[in-house]
Amino acid sequence: MIPVNEFRSITSVQNPQFRVLKPWWDVLSEYLAIAMLMIGVFGCTLQLTQDKISCLPNRVTDASREDVDCSHLQKNNESLLSLTIVEAFGRKNGLDIRQYEFVNHFCYERSVHWYGKYFPYLVVIHSMIFMVASSFWFKFPGTSSKIELFVNILEKCFDSPWTTRAISEVSEERREDTMAIWRKNTMTKSVTDDDTVALLRSSVDSDSNQKLAELQPPVSLLDKKEGEQAKALFEKVKKFRTHVEEADLLYLMYVLQTVLKVFKFLLITVYSIAMVSNIQVVVVCTVPPDLTGFGSFCCSYNKARLFSKSAYCYICFVCVYGLSCVYSLCWLFYRPLKEYSFETVRLESGIDDIPDVKNDFAFLLHLSDQYDALYSKRFAAFLSEVSESRLRQVNLNHEWTTDKLRTRLLRNASERLELCLFLLPGLPDTVFEIPEVESLKLELVSNVTIPGNVRQLTALREISCIHTPAKLQPAALSHLCENLKVLRLTFDSQDKVPLWMYTLKNLEELHLNGPLNNELSRSPILGTLRELKNLRVLTLSCQLTKTPPSIVDVSSQLLRLCVHNEGTRLQVFSSLKKLVNLVALELRGCMLERIPSAVFSLSHLQELDLKENRLTTIEEILSLQHCCHLITLRLWHNDISYIPDHIGKLSTLETLDISWNKVRRLPPRLCYCTKLQHLDLSHNRLTSLPSEIGILQSLRHLSVAFNSLESLPEELFSCKRLKVLALGNNSVSALSPRVGNLTQLLRLELKGNRLELLPAEIGDCISLKLSALIVEDSLIDLLPPDVKDKMKNR
């Protein structure tokens with residue numbers, strides 16, 4: 001015989017973890033199906049181990065000696081007492097064992113009702129169908145993989161230490177907020193006596209601290225391995241949710257198998273009740289007389305009474321089974337099982353961003369609630385983005401220790417000690433344990449929220465956020481409003497510009513790099529600069545068609561304005577006229593064809609940079625003499641081919657950069673700018689230098705590299721304060737011995753000319769080292785050995 005466990009292994013679920021998806025009615029149905037299967041197996045065993053039927057010739061007489069048929073025994077077994085069995089006349093009752101066996105088999109097949117014969121087999125078949133229907137969705141390929149994955153994730157989420165940690169942290173925050181509100185309300189009560197107020201404050205603080213100490217639960221600490229496991233769980237939950245919420249296959253499969261069980265219940269109940277009466281103990285059997293000599297036999301079906309009682313018991317089990325299925329069907333149709341709300345969990349845990357789910361995901365959670373509602377509560381922590389961000393923070397703190405962060409400290413261009421973080425999933429809390437940080441640079445860092453711990457960075461004065469949207473907690477905002485001096489923001493859309501930027505009242509430098517659109521005056525961007533009372537430097541790297549009207553709000557204190565327009569034509573400059581205190585102005589890449597007239601009204605202007613425009617002539621440069629403090633003029637990277645003589649009127653100039661243009665001739669009057677210290681004429685088309693260049697006695701840096709100079713005026717070597725002289729990539733064929741007069745020369749570039757020999761007097765440049773002499777090696781080899789040794793040993 002096949003043990004019952006073998007049937008169960010075929011029809012039931014093997015994975016014990018699937019129990020979380022079995023509500024009480026499914027568990028009850030499973031046990032009822034096992035009980036029904038045992039009834040069927042027991043009946044089959046009797047069928048195989050005992051005689052099925054026993055038959056005798058149907059020949060009895062009553063007291064009147066008349067023939068009586070044994071069929072009346074089916075109705076009243078007590079009449080057997082009044083009957084006397086008489087031997088048949090005319091033929092002996094001499095049947096052998098073979099004939100009796102034949103009659104028994106013949107009558108069993110022909111006269112016993114089919115329900116009585118096959119009852120145990122029907123019970124086994126129906127029970128197996130019930131079992132298969134109950135567990136089919138655990139076996140079906142389209143659903144079993146989803147169920148197995150869900151159960152696996154659910155168990156891991158339930159056992160994960162991060163679940164306890166997340167709920168504990170939120171509960172602690174809520175407790176602290178409640179205590180803070182209670183303390184604030186208590187402390188704001190009106191008390192007239194100062195001593196009473198002091199006593200009340202001390203008692204409140206001590207009591208509240210004591211309560212916090214008593215109520216604060218021990219927060220579990222995650223090690224690095226547990227943090228990585230929790231991170232992997234978050235990824236699995238995201239993918240599973242995306243995959244399962246798309247369809248309702250699991251729900252439909254469960255409904256179909258439940259409907260099938262209800263249909264089977266109705267079918268079995270109807271035909272079993274109708275057929276159970278056909279299981280009879282006494283059966284009349286008609287046999288051909290020529291085989292045994294008797295035409296009628298009276299047979300006893302010895303298992304009929306047991307099968308009859310088993311059938312009634314089986315019908316009762318089926319009815320209970322069916323009622324549980326009907327209840328399940330009502331639960332399926334009268335409850336919104338395709339939607340699952342975590343509203344209760346959100347209220348209990350305090351994690352407010354747990355999303356509601358739908359379709360198969362919701363249905364699986366409803367089923368797990370029937371097993372234990374705690375599963376869905378602990379599972380909810382892995383649906384929260386807040387919880388995920390906190391886990392990310394914990395993992396970050398594990399990975400980026402204080403010692404590791406200190407290795408990234410470098411001095412930036414402003415000589416501030418800078419900590420640069422690149423491409424991280426968040427901002428480690430360990431950053432705020434390095435108080436010497438003066439500049440914090442965040443590049444491509446996601447999910448950045450600067451906490452109140454930023455107050456520990458007492459030296460922090462500069463923050464750079466490059467494609468890093470950052471949020472500030474109130475305590476952090478309050479601290480940065482008082483202490484932050486420089487803010488650099490790079491963004492790819494206007495909505496990424498943080499609103500807290502406008503509240504930094506002590507900010508001195510603001511650098512914005514991003515798509516500030518042409519409708520700037522009607523957008524909130526830069527709309528409230530009036531709050532930045534101490535703003536001195538404003539840099540806009542964008543694509544504007546007019547200067548922002550909002551800069552007028554800071555016109556009284558703004559000293560430097562930089563507009564890097566990236567090739568977009570800047571047309572309107574009306575706002576510039578109001579920047580009366582402006583000291584430095586940069587208009588780069590603005591496609592300017594002339595110097596804007598608004599510039600000439602800036603009487604305090606000291607620096608003007610017009611790089612990468614379309615300037616071809618600068619006739620209006622005479623008007624720059626109104627900028628009586630102008631000391632730096634940069635016209636590099638333009639198309640200027642002619643410099644007017646009246647450039648000499650700019651007597652205050654100290655730095656002039658006309659590199660990367662198309663200038664062919666240098667006007668002699670340029671040399672009347674006697675204060676020039678830095679003159680860059682490189683990358684032009686100059687063929688000669690005016691002899692008046694010797695007038696520039698203050699000149700310290702001269703670059704005429706990458707031109708077409710064939711000779712150098714002797715007067716050039718009268719500029720004895722020159723420290724850098726760049727003459728490379730020209731056509732100079734000889735270098736004057738007077739080069740030795742340049743005793744302060746630190747760097748001399750001659751490479752790329754037609755020189756055949758260097759004058760020995762070059763050794764008289766007492767500040768010039770051999771390594772700072774940029775020339776072909778062959779020319780250095782031709783220098784006298786003493787000159788080379790002298791220059792090498794400096």
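A disulfide here is a pair of cysteine sulfur atoms within 2.5 Å. The model you are looking at is predicted, so local features need pLDDT of at least 70 and side-chain atom pairs count only at pLDDT 80 or more, while totals for chains, interfaces and linings use all residues. Residues are numbered from 1 along each chain as its sequence is written, and side-chain values use heavy atoms, without hydrogens and water.

Let's start with the cysteines. The structure holds two disulfides. In one of them, Cys107 and Cys285 have their sulfur atoms 2.1 Å apart. This pair links distant parts of the chain, with Cys107 in helix 3 (residues 97-110) and Cys285 in strand 4 (residues 282-286), 178 residues apart. Helices (H or I, at least four residues) and strands (E, at least two) are DSSP runs, numbered from the N terminus. The S-S torsion of Cys107 and Cys285 is about -90 degrees, so this disulfide is left-handed.

Cys55 is joined to Cys299, S to S 2.0 Å. Their S-S torsion is about 110 degrees, so that disulfide is right-handed.

Now turn to helix 8. Its 21 residues (224-244) should span 30 Å at 1.5 Å a residue, and the end C-alpha atoms are indeed 30 Å apart; the expected span is 1.5 Å times one less than the number of residues. Its buried residues (under 20% relative accessible area, 1.4 Å probe, protein chains only) are Gly227, Ala230, Leu233, Phe234, Val237, Phe240 and Val244. Seen down the axis of helix 8, these fall within an arc of 145 degrees, so they line one face; the arc is that of the directions from the helix axis to the C-beta atoms.

Methods
Buried means under 20% relative accessible area, exposed over 50%, partly exposed in between (1.4 Å probe, protein chains only).
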